Amino acid sequence: MYYIDEYSIKSTLLSDLSVPVNNPVRALFIDRYRNLWIGTKGDGIVKLSHYDPFASSLPATSWYHTTNSVLKDNSVYTFLPSERNLLWIGSEEGLNYYSYRQEKIRTLMEPPGESPVRYVHALCEQGDSILWIATVGEGILKARLGGSRDEPEITEIKRFIVEEGRRGTNYFLPPIRRTTPSSGLGTGDTELFALIPIPTGTMCSVLTRMEPIRR
């Protein structure tokens, strides 16, 4: 991991951590409490509390994985801050969230009869009631949220796919945030994109051309 200021670049080495991380880092996020969240491809999540890159030593470290928490998979690809009191976590086997009130990882289950959410590589929250989920191989999901500010639940899932769900064309890559009228999520295979109407200021959009996705 590297960080940079106006005059220098420094490094924080995985070998300096107090927990054994031997797999690549796939996601990084610093939350409003200055906690640094590190998502790895195989070693779960490392949280450095009140992280200061200029400190002489690393802060208190928490390690979350499938054997000591309800994390669905140890390959973690994305974090997203929420308008609720939580942090969304996307992994190979679906969705979790970190509850700031309870200070632990919680499970987010699909509605009864709904297929499992898997291969989550990007998330975008629309207010506190819609969560857009970009997956690798299973298209785009629009999850409607209920529950409380601290304990959300999925009440409905709508799935968007291309080419009748053919896996190779439903690899949706992470979006970027923009404030322009166009928005969407893109595949890495055929460059087809989903056009998703999201209000200005909370958009997910892609970098190249977009075409409507078939429902």
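Tutor: Let's start with a word we'll need: buried means under 20% relative accessible area, exposed means over 50%, and partly exposed is in between. Keep in mind, too, that this is a predicted model.

Student: Okay! Are Tyr64 and Tyr98 buried or exposed?
Tutor: To count as buried, a residue needs a relative accessible area under 20%. Both Tyr64 and Tyr98 fall in that class, so the word for them, by that cut-off, is buried.

Student: What kind of aromatic pair do the rings of Tyr64 and Tyr98 make?
Tutor: Ring centres within 6.5 Å make a pair, and planes over 60 degrees apart count as edge-to-face. Here the centres are 6.1 Å apart and the planes sit at 65°, so the pair is edge-to-face.

Student: How many residues apart in sequence are the parts that this pair of Tyr64 and Tyr98 ties together?
Tutor: Look at where each ring sits: Tyr64 is in strand S6 (residues 61-64), while Tyr98 is in strand S9. The pair therefore ties together parts whose separation in sequence, in residues, is 34.

Student: What about Tyr33 and Tyr100: what sort of aromatic pair is that?
Tutor: The structure holds seven aromatic pairs. For Tyr33 and Tyr100, the distance is 5.2 Å centre to centre, with 55° between the planes. Stacked needs under 30 degrees and edge-to-face needs over 60. An angle of 55° therefore fits neither, and the pair is tilted.

Student: Which of those two rings is buried, Tyr33 or Tyr100?
Tutor: Tyr33 has a relative accessible area of 36%, so it is partly exposed. The other ring has 12%, which is under the 20% cut-off. The buried one is Tyr100.

Student: Which residue lies over the face of Tyr100?
Tutor: Tyr100 has company beyond its ring partner, as ring pairs link Tyr33, Trp37, Tyr64, Phe79, Tyr98 and Tyr100 into a cluster. At 4.8 Å from the ring centre of Tyr100, over its face, lies Arg32.

Student: Which strand gives the most residues to the largest nonpolar core?
Tutor: That core has 16 residues, and Trp88, Leu95, Leu123, Leu131, Ile133 and Ile154 touch the most other members. Strands S8 (86-91), S9 (94-99), S11 (120-126), S12 (130-135), S13 (140-147) and S14 (152-160) each supply at least two of its residues. With three residues, the strand giving the most is S13.

Student: How many residues are in the second, separate core?
Tutor: Among the members of this second core are Phe29, Leu71, Phe79 and Ile105. Its number of residues is 13.

Student: Which strands stand at the edges of the open sheet of four strands?
Tutor: The order in this sheet is S11-S12-S13-S14, with antiparallel pairing. An edge strand has a single partner, so one of its sides is left without a neighbour in the sheet. That describes S11 and S14.

Student: Which residue in S14 is the bridge partner of Ala143?
Tutor: S13 and S14 run antiparallel and are joined by eight bridges. Ala143 has its bridge partner in S14, and that partner is Ile157.

Student: Last one! What is the relative accessibility of Leu108?
Tutor: Leu108 is found in the loop between S10 and S11. Not counting residues up to four places away in sequence, it touches Lys72, Trp88, Leu95, Tyr97, Pro152, Glu153 and Ile154. Leu108 counts as buried, and its relative accessibility is 2%.

How values were computed
Residues numbered from 1 in each chain as written. Predicted model: local features only at pLDDT ≥ 70, side-chain atom pairs only at ≥ 80, totals over all residues. Heavy atoms only, no water. Core = buried A, V, L, I, M, F, W, Y, C linked by side-chain atoms within 4.5 Å. Buried < 20%, exposed > 50% of the residue type's maximum accessible area, 1.4 Å probe, protein only. Pairing = 2+ DSSP bridges. Phe/Tyr/Trp six-rings, centres within 6.5 Å; stacked < 30°, edge-to-face > 60°. Lys NZ or Arg CZ within 6 Å of the ring centre and 35° of its normal. Contact = heavy atoms within 4.5 Å.
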